[in-house]
Amino acid sequence: MNKSEKQNAGNIQAVKRMPQYLRLFNDMFRYGRQYISSVEIASKLSLKPISVKKDMLLAKAPGKTRLGYNVKGSIAAIQQFLGWQKERDVCLVGYGKLGSALFHYEGFKKHGFNMVAAFDTDITKADNKNILHIEHLASYVQTHKITTAIISVPAYAAQGVADTLVGAGIKAIWNFSPADIKVPPHIALQNEDLSIGLALLCLKLKN
């Protein structure tokens, strides 16, 4: 692994830690704290202080010597770093049990995700007027200029849905389907394989 690859790997790990920092800073803000040190952050999150300092530098979090990081300013800096300060309309494909839970999850709003519509092949039991038949997917994405989509369909249907989304102009896909979908290099793709998390959990139980 060369220097550039190591740096990219380090940045990815830092990005994964950012939501932890954000939750902590939000808690501190609610308690009226103005500053928090890297040592205290590291202690509360079971991290090394040097890692905290590097992550905060990456996010450009404001701080003062001997006082630590400004809580309110750091919240804004991390949100800016993650792009969560911008609101973006998101559509979901696959309104089964998982899809329904994702569609109604209120936490997305805190991160700028505005769930505007869901699509499925069967909408006879739809509990929301924004649940549409999948035949309208491409036209909806194009008409409403949707850039981000979540896929939660069965594995056999995932690639076809991804192809439709890409053809309609989608820029980012969050894939919850148990399938390795292929997209062009310019499409941002994040796979969430729940079986991996389950495997890790079972291994921990076994050991």
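This briefing describes the strands, helices, salt bridges and buried cores of one protein structure. The model is predicted, and every value given here was computed from it. Among its features are an open sheet of 3 strands, 5 salt bridges and a largest nonpolar core of 22 residues.

**The three-stranded sheet**

- An open sheet of 3 strands has its strands in the order 1-3-2, and the pairing within this sheet is antiparallel.
- Strand 1 (35–36) and strand 2 (63–64) are the edge strands of this sheet, since each of them pairs on one side only.
- Strand 2 is joined by 2 bridges to strand 3, which covers residues 68–70, and these two strands run antiparallel; within this region, Lys 64 stands opposite Gly 68 of strand 3.
- Helix 4, made of residues 71–82, lies across strand 1 and strand 3, and its direction makes an angle of about 70 degrees with strand 3.

**Strands that pair in the parallel sense**

- Strand 4 (residues 88–93) pairs with strand 5 (residues 113–120) in the parallel sense, and 6 bridges connect the two; Arg 88 stands opposite Phe 113, a residue of strand 5.
- Strand 4 also pairs in the parallel sense with strand 7, here over 4 bridges, and Cys 91 has Ala 149 of strand 7 as its bridge partner.
- Thr 148 belongs to strand 7, which spans residues 148–151, and this residue counts as buried because its relative accessibility is 7%, under the 20% limit.
- When residues up to four places away in sequence are not counted, Thr 148 touches Arg 88, Asp 89, Val 90, Cys 91, Phe 113, Ile 170 and Ala 172.

**Salt bridges**

- One of the 5 salt bridges in the structure joins the side chains of Arg 17 and Asp 55, with a distance of 2.6 Å from N to O.
- Arg 17 lies in helix 1 (residues 3–30) whereas Asp 55 lies in helix 3 (residues 49–59), so this pair ties together parts of the chain that are 38 residues apart in sequence.
- Arg 17 counts as buried at 18% relative accessibility, and Asp 55 is buried as well, with a relative accessible area of 3%.
- A salt bridge also forms where the side chains of Arg 33 and Glu 40 meet at 2.9 Å, N to O; Arg 33 is partly exposed at 30%, and Glu 40 counts as partly exposed at 24% relative accessibility.
- The side chains of Glu 106 and Lys 109 meet in a further salt bridge, at 3.4 Å from N to O, and here Glu 106 is exposed with a relative accessible area of 53%, while Lys 109 is exposed with 58%.
- Arg 33, Glu 40 and Lys 44 are joined into one network by salt bridges that share partners.

**Nonpolar cores**

- In soluble globular proteins, nonpolar side chains tend to be buried together.
- The largest nonpolar core has 22 residues, and the members that touch the most other members are Cys 91, Val 141, Ile 151, Leu 165 and Ile 173.
- At least two residues of this core come from each of strand 4, strand 5, helix 7 (137–143), strand 7 and helix 8 (155–168), and helix 8 gives the largest share, 5 residues.
- Cys 91 is buried with a relative accessible area of 0%, and, leaving aside neighbours within four places in sequence, Cys 91 is in contact with Ala 117, Phe 119, Leu 137, Val 141, Ile 146, Thr 148, Ala 149, Ile 150 and Leu 165.
- Apart from this largest core lies another core, of 18 residues, which includes Ala 42, Val 52, Tyr 69 and Val 71.

**Phe 25 and the cysteines**

- Phe 25 is a residue of helix 1 and is buried, with a relative accessible area of 0%.
- Not counting residues up to four places away in sequence, Phe 25 touches Ile 36, Ile 41, Met 56, Tyr 69, Val 71, Ser 74, Ile 75 and Ile 78.
- Phe 25 and Pro 62 are 37 residues apart along the chain, and their C-alpha atoms are separated by 13 Å.
- The structure holds 0 disulfides; of two cysteines considered here, Cys 91 is buried at 0%, whereas Cys 202 counts as partly exposed at 40% relative accessibility.

Key. Residues numbered from 1 in each chain as written. Predicted model: local features only at pLDDT ≥ 70, side-chain atom pairs only at ≥ 80, totals over all residues. Heavy atoms only, no water. Pairing = 2+ DSSP bridges. Contact = heavy atoms within 4.5 Å. Axes fitted to C-alpha atoms, helices over the stretch in contact; angles between N-to-C directions. Buried < 20%, exposed > 50% of the residue type's maximum accessible area, 1.4 Å probe, protein only. Disulfide = S-S within 2.5 Å. Salt bridge = Lys/Arg side-chain N within 4 Å of Asp/Glu carboxyl O. Core = buried A, V, L, I, M, F, W, Y, C linked by side-chain atoms within 4.5 Å.
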